[in-house]
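Trainee: I would like a close look at a single part of this model, the surroundings of the ligands. Please put them in the context of the rest of the protein.

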Amino acid sequence: MELFSPIDIGQVRLKNRIALAPMDTELCGMSGEVTEEMIAYYEERASGGFGLLFTEFTAVDAMQRLTSPGIYSDRLISGWERLVERVHAHRARIILQIAHHGGRALERVTGVRPVAPSAVGSPLYPQTPRELTIPEIEELITSFVQAAIRANAAGFDGVEIHAGHGYLIGEFVSPHTNRRDDKYGGNFEKRMRFPTEILKQVKREFGKSFIVGFKFSAYERLEGGIDIDLGRQIANYIEKQGADYLHISALTFPLPEKRYLSVPPIYVVDPPLVELAAQVKEAVEIPVITVGGIGKMEQAEGAIARGDADIVALGRAAIADPELPKKWEHGGVVRPCIRCNRCHIRIMEQKTLRCAINPHVGRELEPVPPTARPKRVVVVGGGPAGTTFAETAAGQEHDVHLFEKRDSLGGKVLAGSKPTFKEPLRRYLTFLNHQLAHSDVTLHLCTEATPESVAKLSPDWVILATGGKQHTLANRIQTIDCISAFEHPEKTGASVAIVGAGMVGCELAWYLSDLGKSVVLVDVLPESDLMQDEHYFNRFILLQIVKEKTANIFLGSDFEIGPDYIVTDNSKIKVDSIVNATGFTPNTELIETYTRAFAHDKVLIIGDELQAKDIYTATQGAFTIATTL
Ligand SMILES: Cc1cc2nc3c(=O)[nH]c(=O)nc-3n(C[C@H](O)[C@H](O)[C@H](O)COP(=O)(O)O)c2cc1C
Ligand code: SF4
């Protein structure tokens with residue numbers, strides 16, 4: 001089968017096999033009502049060519065709702081109806097994901113104790129939940145059924161029962177969280193009773209004309225949790241109860257196993273859950289949807305062509321580029337998700353969806369209109385901050401010049417993209433260069449800007465986006481900076497000490513170890529304090545791989561470095577080179593030079609030059625400042 005061939009789910013025909021995965025946007029209103037911002041977000045993806053859209057997690061119950069949208073009252077139907085109409089206008093289908101947080105709800109948000117099938121401790125739960133009584137369970141089943149009836153009234157093509165990721169229904173289904181010994185627990189059939197009752201009641205109401213699907217974790221990394229055999233058994237059972245499709249995920253939790261990561265970071269090369277979906281598919285006849293880490297057309301095509309799945313769902317790839325299906329079908333340079341997981345971190349913190357490489361996400365209703373007073377703007381530096389600023393300002397019809405001393409845009413990303421395992425970053429660079437080349441920005445590549453050359457353009461604004469400079473080490477020993485080490489690893493010797501085990505230091509340790517060098521990685525911080533700003537999957541996988549590959553790692557210990565040695569933990573290790581990966585800091589001399597040459601209020605500082613952090617911080621800051629010019 002082909003990616004762009006139609007497929008039927010129940011009696012509903014999809015125009016292609018590419019779905020937008022369910023993803024929180026945090027764009028709804030205070031009571032969980034649909035907003036114009038939400039409609040704009042979904043409509044952009046519908047017009048981008050997705051055959052099927054899943055809404056985000058939508059709460060069936062008001063009491064335990066965190067900040068997701070809701071479908072717990074008839075009051076909420078009309079908002080959903082407007083959203084559905086806008087999606088259908090693009091010949092896309094849309095399914096409402098109905099869900100309940102269960103033991104994963106947060107008392108600090110809801111004000112009430114989370115509820116679950118059993119009052120047990122689990123890595124899933126922030127606090128031990130309260131056990132649901134049978135009348136409460138029956139009430140919740142009714143809430144799910146009522147939610148489906150409202151979804152039907154709003155014009156949805158169907159509902160997806162969210163039984164994945166350790167939320168309420170998943171907790172009933174998993175032996176890890178369901179320790180009941182009554183009609184809702186104790187054996188397989190009883191654990192399955194909760195979703196089965198919902199499924200049967202909704203099917204009784206609407207029959208085949210309304211899709212009822214089931215998303216679940218076919219593999220959990222939890223003690224006594226779902227393994228693949230049980231996953232297949234669940235799939236088979238749910239099919240027999242009348243489900244129209246299955247959507248195969250795994251647990252979204254940072255447990256100490258690398259297999260089947262549900263929100264795979266950049267370090268996971270192949271989509272990890274396709275194989276899981278394929279194993280489930282062997283056990284059922286109904287369509288199977290695979291999701292997780294799919295960002296390239298050949299990955300999507302491969303999953304369909306091999307028969308591993310019938311539909312591919314794209315999550316973060318669709319956040320980054322809402323037009324991805326159209327581009328795959330008709331050509332176009334994709335804005336590729338770099339799987340940094342900033343979007344997921346934000347959602348876990350109940351903050352509006354944002355994307356590191358697409359500043360328009362979550363702001364679909366905030367077009368940046370042409371300015372009434374066009375200015376001449378000179379941007380110095382072509383990294384993520386400089387390019388985002390330049391493109392945004394040019395979009396407002398300012399006259400923008402961008403200086404970049406290299407022959408390519410990308411700044412520090414050029415170095416960071418060198419390791420094989422950073423392939424999405426290389427695609428991001430391709431996108432960046434293509435995007436700017438086709439914008440109204442006048443590019444001055446291979447040109448190092450100076451205050452004099454910038455002054456010749458008589459700018460109204462000078463934007464410094466040069467990326468900061470490397471921290472110096474306390475004892476000023478001659479070191480190689482980490483950017484050079486990435487770009488010219490041949491300049492480091494056979495044995496290398498890397499000082500700093502943040503993300504850059506760890507990735508460099510992995511990269512140089514793969515090149516056959518003996519690496520010593522040191523940091524004064526203990527492991528528990530490293531990369532605390534990173535997503536748990538990114539941090540967990542990177543640390544695990546680095547530990548496997550790096551010859552020596554000393555964390556949380558003082559060290560001393562000399563020209564060709566490092567002393568730590570009472571041992572002196574001879575090394576050929578020392579690389580400084582302790583981070584970046586604003587280049588104050590450069591800032592002073594420009595602020596002396598131009599009036600203070602004409603110079604704006606953005607990106608790492610302002611606050612050395614990451615691509616996300618750089619692009620968001622640049623975008624926001626550019627819109628206020
Ligand atoms: C920002 C974000 C929000 C998500 N919210 C949901 C959700 O509401 N419901 C759900 O079933 N999965 C949710 N997920 C998981 C995705 O549906 C998907 O399974 C996961 O992101 C892997 O797909 P991807 O690699 O294509 O992003 C979310 C993922 C992200 C990144
Ligand atoms: S924030 Fe990062 S992971 Fe999320 S969509 Fe954007 S690039 Fe992808």
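Mentor: What follows goes through the two ligand shells, then the domains and one helix pair. This is a predicted model, in which local features need pLDDT of at least 70 and side-chain atom pairs count only at pLDDT 80 or more, while totals for chains, interfaces and linings use all residues. Residues are numbered from 1 along each chain as its sequence is written, and chains are lettered from A and ligands numbered from 1 in the order in which they are written.

Ligand 1 is surrounded by 26 residues, where a residue is near a molecule if its C-beta atom, placed from the backbone, lies within 6 Å of it. The closest are Ala21, Met23, Phe57, Gly315 and Arg316. At least two residues of this shell come from each of β4 (52–59), α11 and α13; helices (H or I, at least four residues) and strands (E, at least two) are DSSP runs, numbered from the N terminus. The largest share, three residues, is that of α13. By class, the shell of ligand 1 holds 13 nonpolar, nine polar and four charged residues. Here Ala, Val, Leu, Ile, Met, Phe, Trp, Tyr, Cys and Pro count as nonpolar, Asp, Glu, Lys and Arg as charged, and the others, Gly among them, as polar.

Around ligand 2 there are 13 residues, and the closest are Arg316, Ile319, Cys337, Cys343 and Cys355. Arg316 is thus listed among the closest residues for both ligands. Helices α11 (316–320) and α13 (342–348) each give at least two residues to the shell of ligand 2, with the largest share, three residues, coming from α11. This shell divides into nine nonpolar, one polar and three charged residues.

Now the wider frame. An automatic or database domain assignment gives domain 1 (7–348), domain 2 (376–460 + 606–626) and domain 3 (480–584). The centres of domain 1 and domain 2, taken over C-alpha atoms, are 38 Å apart. Their contact takes 13 residues from domain 1 and 11 residues from domain 2, two residues being in contact if their C-beta atoms, placed from the backbone, lie within 7 Å. On the domain 1 side, nine of these residues are nonpolar, one is polar and three are charged.

Last, the helix pair. Residues of α4 that meet α7 include Ile137, Phe144 and Asn152, and those they face in α7 include Phe194, Gln201 and Phe206. The contact of α4 with α7 has 10 nonpolar, two polar and two charged residues.
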